[in-house]
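I sat down with my notebook and a fresh cup of coffee to look this one over. Here is what I looked up, in the order I looked.

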Amino acid sequence: MTLKTKTLIKIASLIIFLILFIYFLLTHLEDFSSLSFVSPSTILILIVLFILSYFFIGLINRTVLVALKVPLKIKESFALSLMTGFYNVISPFKGGMALRAIYLKKHYNFTYTDFIISLTAIGILSFFITSIAGIITTIIIYNTTGRFSISIFLIFLVTACTTLILMSISPKGKHHLFSKWRTITHHWSLIKTKKQAIFQVALFTTLALLNSAFMMHLQFYSLGSNLSYIKALFLVSLSSLSIIINITPAGLGIQEAITVFSGLALGISPVYSLAAALLGRAVSFTVLFILGPICSYYLLKNTNRKI
């Protein structure tokens, strides 16, 4: 698939999601008007929690990079995470990720191959922990409410098994799929021997997930919906896996749609789910559009001082 085709698909997907969103909003204006007003103090708390989530992302990246002999500072890793998030929002092809790779290459002579290794390690652990959280919350929700979605449960189960296999088995064979699989397991093997780094990444990933769940719980609560923390963790776990199918900048529309459909499995009104998702999106955009350029300027100055 050519770059032009991918761009057209992303733009078309974004337009479709915007049209569907406007249609849903216009046909449910009365329902949205009945939602509770979100207080400024709640918005402030959500902003702090969102910034905290990016602090955890920075710690996750820093842990893997330090294990790969990159002496990244905590402040620098935090700025990198915010810069990456900002440019992922304003560019169609995860431009933030590319800029992070360029920064590490220019500043620390960190090769692009090593950058892919770091992403592989973080991705495998993140998907595994998230899917396990999804499986646990699905079981708890079923035991307490009787609600169960076999399709969502299978998504969590397949993801957990896949990541576990990737961490354990390196297949043999000439098919290109086996070749890609071996590449992933090879990258993972280069980092999995660093036990302390793996433990720290797992810990920070878990804390980031729990923090995001608290954010989701507060988003619903501020709108007048008493969503339990376990259900919020369930929604966040499924939403976190949406990165696999992100075909729009920053998953715009994708994550909202997943929140709405997974909310239906819990018996939550689509109006509440969409409003909560949009509240979270508004907070993320506000923070990233303010701190993103500031962090970019800080990192640029930091790079110039090293040259």
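**Entry 1: the whole chain**

I began with contacts: among those in the protein with a separation of 6 or more, 69% join residues 24 or more positions apart. I note here that this is a predicted model. I then went through the secondary structure and found 12 helices and zero strands. Read along the sequence, the pattern is α-α-α-α-α-α-α-α-α-α-α-α.

Next I looked up burial and surface. Of the 307 residues in the protein, 45% are buried. The protein exposes about 16,000 Å², and carbon and sulfur atoms supply 71% of that area.

**Entry 2: helix H10**

I picked helix H10, residues 229–240, for a length check. Its 12 residues at 1.5 Å a residue should span 16 Å, and the end C-alpha atoms are 16 Å apart, so the two values agree.

Which residues of H10 are buried? I wrote down Ala232, Leu233, Phe234, Leu235, Val236, Ser237, Leu238 and Ser239. Then I asked what covers them. The cover includes helix H6 (112–145), helix H7 (150–168), helix H9 (195–222) and helix H11 (254–265).

From H11 I looked up Phe261. Phe261 is exposed, because its relative accessible area is 59% and the cut-off for exposed is over 50%. I also paired Phe261 with Leu235: they are 26 residues apart in sequence, and their C-alpha atoms are 9.6 Å apart in space.

**Entry 3: two residues of helix H6**

I started with Thr130, which lies in helix H6. Is Thr130 buried or exposed? Thr130 counts as buried, because its relative accessibility is 5% and buried means under 20%. A polar atom of the Thr130 side chain lies 2.8 Å from the backbone oxygen of Ser126. With neighbours within four places in sequence left aside, I listed the contacts of Thr130 as Phe156, Leu209, Ser237, Ser240 and Leu241. One of these, Ser237, is already in my notes as a buried residue of H10.

Then I moved to Ser131, also placed in helix H6. Ser131 is buried, with a relative accessible area of 0%. Which backbone oxygen does the side chain of Ser131 reach? The partner is the backbone oxygen of Phe127, at 2.8 Å. A polar atom of the Ser131 side chain also lies 3.4 Å from the backbone nitrogen of Ala160. Not counting residues up to four places away in sequence, Ser131 touches Phe156, Thr159 and Ala160. Phe156 is on the Thr130 list too.

I added one reminder for myself. An α-helix has 3.6 residues a turn, so residues three or four places apart point the same way.

**Entry 4: helix H7 and the nonpolar patch**

I looked for a nonpolar patch on the surface and found one of about 550 Å². Its members are Tyr142, Phe148, Ile150, Leu154, Leu157 and Val158. Which helix gives the most to the patch? H7 does, with four residues. Val158 is placed in helix H7.

Farther along I looked up Thr162, another residue in helix H7. Thr162 is partly exposed, because its relative accessible area of 39% falls between the 20% and 50% cut-offs. The C-alpha atoms of Thr162 and Phe128 are separated by 8.5 Å, with their positions 34 residues apart along the chain.

Met167 lies in helix H7 as well. Met167 is buried, with a relative accessible area of 16%. I noted a separation of 9.0 Å between the C-alpha atoms of Met167 and Leu125, which are 42 residues apart along the chain.

**Entry 5: two loop residues with positive phi**

Last, I checked backbone angles. Lys69 is not a glycine, yet it has a positive phi of about 70°. Where is Lys69 found? Lys69 sits in the loop between helix H3 (40–67) and helix H4 (74–90). At 72% relative accessibility, Lys69 counts as exposed.

Asn109 also went on the page, with a positive phi near 55° in a residue other than glycine. Asn109 is in the loop between helix H5 (95–108) and H6. With a relative accessible area of 56%, Asn109 is exposed.

Conventions. Residues numbered from 1 in each chain as written. Predicted model: local features only at pLDDT ≥ 70, side-chain atom pairs only at ≥ 80, totals over all residues. Heavy atoms only, no water. Expected span 1.5 Å × (residues − 1). Buried < 20%, exposed > 50% of the residue type's maximum accessible area, 1.4 Å probe, protein only. Contact = heavy atoms within 4.5 Å. Patch = residues over 30% accessible without salt bridge, like charges linked within 9 Å, V, L, I, M, F, W, Y side chains within 5 Å. Areas by Shrake-Rupley, 256 points an atom, 1.4 Å probe, with all protein chains shown as cover. Salt bridge = Lys/Arg side-chain N within 4 Å of Asp/Glu carboxyl O. Polar contact = N/O pair within 3.5 Å; in protein donor to acceptor, adjacent residues only side chain to side chain.
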